[in-house]
Amino acid sequence: MRVREATEADLPAVMNVLDGAALEIGVPTVRTGIAGDGTLISVSGGSGADATPESDRILGALVLDDTHIDAVAVRRRRRGQGIGTALVEAALDRRDRLTAEFDADVRPFYEQLGFDVELLDDEGGRFRGIRK
């Protein structure tokens, strides 16, 4: 597994991963992320001379809007294998800080990655995380 920047050719597969995770993010947002080096993907292909975009199976995707994580998703059968962690760590390599908003069920994921987490509102159960 390796992480790389997504290309326009990856867009359908990226949307498939994001839709499979039931995330509400539109094609224009993802396309903008791809154009601005803000969409990262985890792929199953090898590295070095053996790596080709055509042989990569997209296992997970992360979409950034500057320093904010708009979406991060991993294929259901590949969850729990460190793919989401690898995506966030790769994003941290490219940005000085990251922010995210998320539901309570993914709070442990962000806390494990060292995000400072705070409750956004009492009613919706949404949280905000910041990692510097």
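**View 1. Val43 and Ile58 meet across a strand pair.** In this close-up of a predicted model, Val43 has Ile58 of S3 as its bridge partner. The two strands here, S2 and S3, pair in the antiparallel sense, with five bridges between them. As a friendly reminder, the strands of a sheet pair through backbone hydrogen bonds, and they may do so either parallel or antiparallel. S3 is worth a second look on its own: seven of its eight residues are buried, so the strand is largely enclosed by the rest of the structure.

**View 2. Ser42 sits in strand S2.** Now let us move to Ser42, whose place is in S2. Is Ser42 buried or exposed? Ser42 counts as buried because its relative accessibility is 0%, where the cut-off for buried is under 20%. Leaving aside residues up to four places away in sequence, Ser42 touches Met1, Arg2 and Val3, then Arg57, Ile58, Leu59 and Gly60, and also Ile83 and Leu87.

**View 3. S3 and S4 make a hairpin.** Six bridges link S3 and S4, which pair in the antiparallel sense. Within this pairing, Ala61 stands opposite Ala73 in S4. The two strands form a hairpin with two residues between them. For anyone checking backbone torsions, Asp66 in the turn has a positive phi of about 60°.

**View 4. The whole sheet, with helix H3 packed on it.** Stepping back, seven strands form an open sheet in the order S1-S2-S3-S4-S5-S7-S6, and the pairing is mixed. Strand S1 (2-5) and strand S6 (116-119) are the edge strands, each pairing on one side only. On average, neighbouring strands of this sheet are turned by 25° against each other, direction ignored. H3 packs on the sheet, where it touches S1, strand S2 (39-43), strand S3 (58-65), S4, S5 and strand S7 (126-131). The direction of H3 makes about 35° with that of S3.

**View 5. S4 and S5 run parallel.** In contrast to the antiparallel hairpin of S3 and S4, S4 and S5 run parallel and are joined by two bridges. Which residue of S5 is the bridge partner of Ile69? That partner is Ala100.

**View 6. The largest pocket and its lining.** About 670 Å³ of space lies in the largest pocket. Its lining has 26 residues, and those nearest the centre of the pocket are Leu23, Val72, Ala73, Val106 and Tyr110. Which element gives the most to this lining? S4 does, with six residues. Strand S4 (68-74), helix H3 (83-94), strand S5 (98-103) and helix H4 (107-112) each supply at least two residues. If you are thinking about the chemistry of the lining, the classes are 14 nonpolar, five polar and seven charged residues. Ala73, one of the residues nearest the centre, also appears in View 3, where Ala61 stands opposite Ala73.

**View 7. Leu11 in helix H1.** Our last stop is Leu11, which lies in helix H1 (residues 11-20). With a relative accessibility of 6%, Leu11 counts as buried. Not counting residues up to four places away in sequence, Leu11 touches Val27, Val30, Arg31 and Ile34. For one of these contacts, Val30, the C-alpha to C-alpha distance from Leu11 is 7.6 Å, while the two are 19 residues apart in sequence.

Note on methods. Residues are numbered from 1 along each chain as its sequence is written. This is a predicted model: local features need pLDDT of at least 70, side-chain atom pairs count only at pLDDT 80 or more; totals for chains, interfaces and linings use all residues. Side-chain values use heavy atoms; hydrogens and water are left out. On a 1 Å grid over the protein atoms alone, a cavity is a set of points where a 1.4 Å probe fits but cannot get out, and a pocket is an open set with protein on both sides within 12 Å along at least five of seven lines; lining residues have an atom within 4 Å of a point. Grid points are joined across faces, edges and corners, and a volume is the space filled by probe spheres set on the points. Helices (H or I, at least four residues) and strands (E, at least two) are DSSP runs, numbered from the N terminus. Ala, Val, Leu, Ile, Met, Phe, Trp, Tyr, Cys and Pro count as nonpolar, Asp, Glu, Lys and Arg as charged, and the others, Gly among them, as polar. Two strands pair if DSSP finds at least two bridges between them. Axes are lines fitted to C-alpha atoms, for helices over the stretch in contact, and angles run from 0 to 180 degrees between N-to-C directions. Contact means heavy atoms within 4.5 Å. Buried means under 20% relative accessible area, exposed over 50%, partly exposed in between (1.4 Å probe, protein chains only).
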